[in-house]
Structures are given as C-alpha cells and as structure tokens.
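User: Please take a close look at one part of this structure, and then work from it toward the rest in a connected account. I am new to it, so careful steps would help.

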Amino acid sequence: MNRSGMTSEAALHAGTGRPFIIAGPCSVESPEQIMAAAEEISRTGVKVLRGGLWKPRTHPGSFEGVGETGARWLRDAGKAAGMKTVTEVANVRHVEVVLENGINGVWIGARTTGNPFLVQEIAEALRGTDIPVFVKNPLVPDPELWSGAIERFVRCGMKHVYAVHRGFHSYGESHYRNPPFWQIPVELRRRFPGLPLLCDPSHITGRRDLVEDTARQALILGFDGLMIEVHPDPDKALSDAAQQITPEMLGDMLGRLKTRSSSITDTRASAAIDDLRSGIDRIDADLIDLLARRMDISEAIGRIKDSSGLTVLQTGRWNSVLERVRALAKEKDLDEDFITEIYTTIHRASMERQLKR
Ligand code: PEP
Ligand code: MN
C-alpha cells in the first residue's frame, strides 16, 4: 500500500490538503440540525461532514440514531454546503442504505472492527465500489485486530482505506474517556507505512475542553488528519454531548493547530538530528549490553536458588529493587511510573529466565 497511490485519487481527500479534517455531529438528529452543522462547519474550510445514523449505545433506551431516513438529510446537507459525507456502517443493510443514498464514505466503528465476521460481510458488500473506508481501532488495544480489519477491506479491493485512532477501552478511572495508548497507532504505522492515519480526539477525551490538546499531540506525532465531533448546539446533542464542540470552536482550533512535516528539508536541522540520533544509538547499544549482563547475573542467582531450594519469586527483594530504582529515577527527574513499567518488564523477564533453567 502506498500513501500517494491510496489518497491521490480518493474522492474525499481531493482538495482537502493536510491535515485531512472530517467534522460533524456524533449523530444526525434532524434535517435542520445536520443542515445547520454542514453550513457552519463548511465555513471553517472543512470539506468532509460526518454524522452517525445508527448509534451503537452501551445501554438500551438511549438515543439509537434516526436510522435510514436520516441518510437523505445527511446527503442533502452535504450537497447544500459543498461537502462530502461519511457515516458509520455496522452491517450489510447499512452499506446498502449508504450506497442507495449517495453517501460518499463510511467508517467502521470501534465495536465493529473487533468483530471479524461483521467486518468481512461489510467488506464484501463494499466490493466493487471505490468509496473510502475509515477503520476505527477496536475497543481492545490490540494492533492485530485493527490491522486484520484493515487487511479485509484491502483484500476486497478497497483502494481508499484509512485508519482512525479513537482510543481504547480501559477499566477504572482515567483522565480520558478512551485512553490513547499512542504506542498502538505507532505500531500500526510501522506495519502499514503508507496507510493514512487520522485521530478522533473527541472519543479519546470525552470532554470538549481536552479535544484540542489531543488533536495537537496527534499532529505532532505525525497523524495525517482528524475526525472531530462538532454540533451546532453541543449541550443539546442527543449523544456524546460532553465531547462535541461548536463550529466556532472548530474554526478557532484549526487556526491554532500547526501541521508538521514527516520529512526533513532543512539540512542544518537534519544534521543536528542525525548527530543526536547517533548518541541515542550508542546509548541503546549500552543498554542492551547492560541488560544482557544483568540477565547473566540473574541466571547465576537462579542457579543458587535452585540448588538451595529457594523460590524464584522473592517479594521482599523485588519491593526493595523497585523502591530503589524509583528513588534513583526521581533524582534524575525521570517519571517514576515510566521506570516502574520498565522494571516490571525487566523483572518479569528475569523471573522467566530463572524458571526456564
Ligand atoms: C462515533 O464516531 O460516533 C462512534 C460511535 O465512534 P466509535 O466507534 O469510535 O465509538
Ligand atoms: Mn460519538
């Protein structure tokens, strides 16, 4: 897959530039609401309008979308404002409605991406069309499921496939509605370097005051665009009210967001970065060497534990190692949780080495 090949002819991408922005309400609610959204959003220069017709809701009884009748409202609002339109499809019937009504593109919701049966059926239903498909990440932070779904669309001949990062489900308290776990989209980019990658800061944050900051982080990381929930009157939205922003906020935010280039053209900056990177490469070689030596020592300890009948896990020792490295990290101004994470992995590998003996 090649980025220029995939996006240059994409109907939706044409003329939208970078970053590629999709904006619109979580749900299409009425002809008036989607028309107002389209008109106001188009004034910010955004060329692609989103609006969900069928809403996957956690609890029954919540607003589940206007369904098929809204497809015309979405298409007509897009036409009136000179915008292309996209909506979510979660089954074959939804695909038929999209194609019958001239909606320009589809996204695959997080709950659907995690279901290979449904993804396959949707991909087969789209075969032979050339409409863009935006594949949101599954709820579980698993790059395999996400890339598997993308591959199903590509194998069905879809030429304009995009990935959309919308954060992941997590249990317990979090700053985010769906924490971003940036390493997962980074891994997806490593696997498919040519795949355009968008970020959906609305579903990641769940809060309108955090949307811009997450959007900025995504663009700094190298994302190609954003899908943002925008509603003409967010507080009255029938779904996801807390995370939707106004068209005016969208315009202000887009004015502030700067894009970055992934290739370096300034030769001085490039030489300075190369120099610093060779420093990092040397440190990485040292780190690997130190880890190998640490592992050898751990193995020697394992032999003694073995011959003297001691358990591999010595909780007291592990606690004191953790306490010590956290204190050392603090002195060097390193994040203590980051060090805990690294040491938890090192300790696990060390125990595995002792168990394998
Ligand atoms: C949405 O985009 O409104 C939506 C339901 O998205 P997700 O599948 O990411 O939850
Ligand atoms: Mn939503």
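Analyst: In this predicted model, Leu 334, Phe 338 and Ile 342 form a nonpolar patch on the surface, and together they have about 250 Å² of accessible area. One of these residues, Ile 342, belongs to helix 14, which covers residues 336-356. Ile 342 counts as partly exposed, because its relative accessibility is 34%, and partly exposed is the class between under 20% and over 50%.

The loop between helix 13 (315-331) and helix 14 holds Asp 333. This residue has a positive phi of about 65° although it is not a glycine, and it counts as exposed, since its relative accessibility is 72%. A second residue with such a backbone angle is Phe 181, whose phi is near 35°, again a positive value in a residue other than glycine. Phe 181 sits in the loop between strand 6 (161-165) and helix 8 (183-191), and with a relative accessible area of 31% it is partly exposed.

A buried residue in a helix can be set beside these. Glu 212, part of helix 10 (residues 211-221), has a relative accessibility of 16% and therefore counts as buried. Its C-alpha atom is separated by 44 Å from that of Thr 315, and the two residues are 103 apart along the chain.

From here the account turns to the strands. There are 8 strands that close into a barrel, in the order 1-2-3-4-5-6-7-8, with parallel pairing, and the twist from one strand to the next averages 25°. In general, the strands of a sheet pair through backbone hydrogen bonds, in either a parallel or an antiparallel sense. As one example from this barrel, strand 3 (residues 84-88) runs parallel to strand 4 (residues 105-108) and is joined to it by 3 bridges, with Val 106 of strand 4 as the bridge partner of Thr 87.

Strand 8 repays a longer look. Strand 1 (residues 20-24) runs parallel to strand 8 and is joined to it by 5 bridges, and here Ile 22 stands opposite Met 227. Strand 7 (residues 197-199) also pairs with strand 8 in the parallel sense, over 2 bridges, and Cys 199 stands opposite Leu 226.

Is strand 8 enclosed by the rest of the structure, or is it exposed? Because 5 of its 5 residues are buried, strand 8 is largely enclosed by the rest of the structure. In a regular strand, side chains alternate between the two faces of the sheet. In strand 8 both faces are covered, with Gly 225, Met 227 and Glu 229 buried on one side and Leu 226 and Ile 228 buried on the other.

Glu 229 leads from strand 8 to a metal site. The manganese ion (ligand 2) is coordinated at 2.1 to 2.4 Å by Cys 26 through SG, His 203 through NE2, Glu 229 through OE and Asp 240 through OD. Along the chain, these donors follow the spacing C-x176-H-x25-E-x10-D. Since His 203 lies in helix 9 (residues 201-205) and Glu 229 in strand 8 (residues 225-229), this pair ties together parts that are 26 residues apart in sequence. Both His 203 and Glu 229 are buried, whereas Ile 342, in the surface patch where this account began, is partly exposed.

How values were computed. Residues are numbered from 1 along each chain as its sequence is written. Chains are lettered from A and ligands numbered from 1 in the order in which they are written. This is a predicted model: local features need pLDDT of at least 70, side-chain atom pairs count only at pLDDT 80 or more; totals for chains, interfaces and linings use all residues. Side-chain values use heavy atoms; hydrogens and water are left out. Donors are N, O and S atoms within 2.8 Å of the metal (3.2 Å for Na, K and Ca); water is not among the atoms, so sites may look incomplete. Helices (H or I, at least four residues) and strands (E, at least two) are DSSP runs, numbered from the N terminus. Buried means under 20% relative accessible area, exposed over 50%, partly exposed in between (1.4 Å probe, protein chains only). Patches are made of residues with over 30% relative accessible area and no salt bridge: like charges are joined within 9 Å, nonpolar side chains (Val, Leu, Ile, Met, Phe, Trp, Tyr) within 5 Å. Accessible areas come from the Shrake-Rupley method with a 1.4 Å probe; for residues, only the protein chains shown count as cover. A salt bridge is a side-chain nitrogen of Lys or Arg within 4 Å of a carboxyl oxygen of Asp or Glu. Two strands pair if DSSP finds at least two bridges between them. Axes are lines fitted to C-alpha atoms, for helices over the stretch in contact, and angles run from 0 to 180 degrees between N-to-C directions.
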